[in-house]
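This report covers one helix pair and two loop residues. The structure comes first.

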Amino acid sequence: MSLEQKINQDIKAAMIAKNNSRLRGLRAIKAAILLAKTEKGHTEDLTEDTEIKVLQKLVKQRKESGEIYQAQNRGDLYQIEFEEQQVIEEYLPKQLDRAAIEAVITQIIAETGASSVKEMGKVMGAANQKLAGQADGRTISEVVKSLLT
């Protein structure tokens with residue numbers, strides 16, 4: 001079953017349960033998937049990698065908005081963003097903790113032979129491929145930078 005079909009089923013279930021916060025998050029996912037499908041050049045269904053990227057983008061948007069709302073003391077709006085983020089994260093692969101990310105990046109650094117921050121791009125490329133969907137880019141970047149300095 002594709003992600004889009006699963007989302008449609010979950011929307012129906014959330015409507016029946018009258019769970020408005022879950023429904024908001026699911027509708028955001030559905031809208032993003034429809035938008036990605038209608039972008040230039042997409043004639044067939046989205047690949048799993050594309051679906052994961054769409055979901056990661058949605059989570060990142062919710063986190064950034066939430067941080068802004070918190071800084072402006074808007075707890076009501078922060079709560080909405082947080083609830084939507086929680087729903088979206090349910091459909092992403094399990095995220096690795098920082099220690100696991102460091103272990104993977106240490107291995108990549110050994111494989112690539114990188115020894116300075118100048119070679120960060122080479123390590124980041126390999127790390128983003130290996131950790132796709134399991135860690136966000138900001139965390140990967142922080143870990144690579146700290147290990148190479």
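Axes are lines fitted to C-alpha atoms, for helices over the stretch in contact, and angles run from 0 to 180 degrees between N-to-C directions. Helices are DSSP runs (H or I, at least four residues), numbered from the N terminus. The model is predicted: local features need pLDDT of at least 70, side-chain atom pairs count only at pLDDT 80 or more, and totals for chains, interfaces and linings use all residues. Residues are numbered from 1 along each chain as its sequence is written, and side-chain values use heavy atoms, without hydrogens and water.

**Helix pair**

Helix α6 spans residues 120–130 and helix α7 residues 137–148. Their axes come within 10 Å and cross at roughly 135°. The two are therefore oblique to each other (neither under 35 degrees, nor over 145, nor 65 to 115). The crossing of α6 and α7 is right-handed (the near helix is turned clockwise from the far one by less than a right angle).

Contact means heavy atoms within 4.5 Å. From α6, Met120, Val123, Met124, Ala127 and Asn128 take part. They meet Gly137, Ile140, Ser141, Val144, Lys145 and Leu148 of α7. By class, this contact has 7 nonpolar, 3 polar and 1 charged residues. Here Ala, Val, Leu, Ile, Met, Phe, Trp, Tyr, Cys and Pro count as nonpolar, Asp, Glu, Lys and Arg as charged, and the others, Gly among them, as polar.

**Positive phi in loops**

| Residue | Phi | Loop between | Relative accessible area |
|---|---|---|---|
| Lys18 | near 55° | α1 (3–17) and α2 (20–38) | 70% |
| Asn73 | near 55° | α3 (48–71) and α4 (75–89) | 70% |

Lys18 is exposed (over 50% relative accessible area, 1.4 Å probe, protein chains only). Asn73 also counts as exposed.

Methods: Buried < 20%, exposed > 50% of the residue type's maximum accessible area, 1.4 Å probe, protein only.
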